[in-house]
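The following paragraphs lead the reader through selected parts of a protein model. The sequence and coordinates should be consulted alongside the text.

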Amino acid sequence: LNDTLLIRHKNKSVSKMQIKHFNNHFPEALKPFKIQDISSLQSTPDSVWNVPAHSGQIIFKTKRRGLYLIKADTLKHKGLLKVNFSNTYPLLTKSHELAEATKYLLSDEEYLKMIRSDNKKLSIDNFWLQATKNKELAREILKIWYNRAIYANYYFTSYKEGWKTDRGMIYMMFGPPDDIKNFDDAEKWIYINTKENKKAEFIFMIPENAISGNDFELLRDAKYITIWNRAVRSWRSGIVYRY
């Protein structure tokens with residue numbers, strides 16, 4: 001918190017910049033077979049203000065947690081993003097952060113019980129211990145799961161934490177893809193099962209209302225129900241899922 005930013009615009013005649021602040025209320029990604037809601041960032045920002053620019057540059061401090069969207073042209077959707085989720089981001093260091101990042105593996109009831117627990121660390125440990133039935137194995141598998149969440153934070157952060165994004169969700173559940181094909185406005189992740197001669201593909205598109213080049217949305221489809229449920233069962237049985 002309290003980072004001081006110097007922002008320069010290439011157009012030195014810019015006289016002011018607009019700053020929109022959003023509290024971090026953006027939900028985690030929907031499961032890949034569920035219909036995607038309209039982007040949460042279309043909601044009203046929690047606060048908006050203008051900062052006078054001098055020779056096309058401004059200085060301001062990020063005093064609050066959440067997302068800052070900084071624009072010189074208010075008619076454009078895209079702008080400069082500054083995220084301020086925690087002092088230790090992109091790491092997960094607090095028990096509530098670890099509990100939240102477990103949600104993809106939990107039922108709604110289980111998640112509410114964990115997130116409302118007075119001892120979240122114990123709830124997390126008990127979940128993984130119940131899955132593996134072995135303390136050593138529990139430590140190994142939870143390390144893999146949360147390291148994937150941290151990796152997602154490093155590489156997939158957009159207007160919300162990387163683990164909450166569509167690419168972050170798929171990476172955490174299925175691991176790194178066997179192949180990635182890049183297009184101008186999309187990525188295709190390919191997972192290959194050589195034993196069964198099958199493959200699974202996930203296509204991520206940059207939406208029209210994207211606010212950055214790192215804002216991708218999964219093309220959801222009911223066909224993913226089977227592979228998703230298999231992955232959840234595998235993790236909950238103490239086995240890292242591999243397609």
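**A helix, two sheets and a buried serine**

In this predicted model, helix α6 comprises 13 residues, 224–236, and its first and last C-alpha atoms lie 18 Å apart, close to the 18 Å expected at 1.5 Å a residue. Its buried residues are Tyr-224, Ile-227, Trp-228, Ala-231, Val-232, Ser-234 and Trp-235. Viewed down the axis of α6, these buried residues fall within an arc of 160 degrees, so they line one face of the helix. The packing partners of the buried residues of α6 are three helices, α3 (120–132), α4 (135–156) and α5 (166–174), together with strand β9 (198–205). After α6 comes Gly-238, which has a positive phi, near 85 degrees.

Strand β9, one of the partners of α6, leads to the sheet in which it takes part. That sheet is open and has four strands in the order β7-β8-β9-β10, with antiparallel pairing. Its edges are formed by β7 (179–182) and β10 (217–218), each of which pairs on one side only. The antiparallel strands β9 and β10 are joined by two bridges, and Phe-204 stands opposite Leu-218 in β10. Helix α5 packs on this sheet, where it touches β8 (186–193), β9 and β10, and its direction makes about 10 degrees with that of β8. Helix α5 thus appears in two settings: it is in contact with the buried residues of α6, and it packs on the sheet.

A further sheet can be followed next. It is also open, with four strands in the order β3-β2-β5-β6 and antiparallel pairing. Here the edge strands are β3 and β6 (80–84), each pairing on one side only. On average, neighbouring strands of this sheet are turned by 20 degrees against each other, direction ignored. Between β5 (residues 66–71) and β6, which run antiparallel, there are five bridges; Leu-69 stands opposite Leu-81 in β6. In general, strands of a sheet pair through backbone hydrogen bonds, in either a parallel or an antiparallel manner.

The edge strand β3 spans residues 47–52 and contains Ser-47. Is Ser-47 buried or exposed? Its relative accessibility is 17%, and the cut-off for a buried residue is under 20%, so Ser-47 counts as buried. Leaving aside residues up to four places away in sequence, Ser-47 touches Ile-19, Lys-20, His-21 and Arg-64. With Arg-64, the contact includes a polar one between the two side chains, at 3.4 Å.

Terms used: Residues are numbered from 1 along each chain as its sequence is written. This is a predicted model: local features need pLDDT of at least 70, side-chain atom pairs count only at pLDDT 80 or more; totals for chains, interfaces and linings use all residues. Side-chain values use heavy atoms; hydrogens and water are left out. The expected span of a helix is 1.5 Å times one less than its number of residues. Buried means under 20% relative accessible area, exposed over 50%, partly exposed in between (1.4 Å probe, protein chains only). The arc is that of the directions from the helix axis to the C-beta atoms. Contact means heavy atoms within 4.5 Å. Two strands pair if DSSP finds at least two bridges between them. Axes are lines fitted to C-alpha atoms, for helices over the stretch in contact, and angles run from 0 to 180 degrees between N-to-C directions. A polar contact is a pair of N or O atoms within 3.5 Å; within protein, one must be able to donate a hydrogen and the other to accept it, and residues adjacent in sequence count only if both atoms are side-chain atoms.
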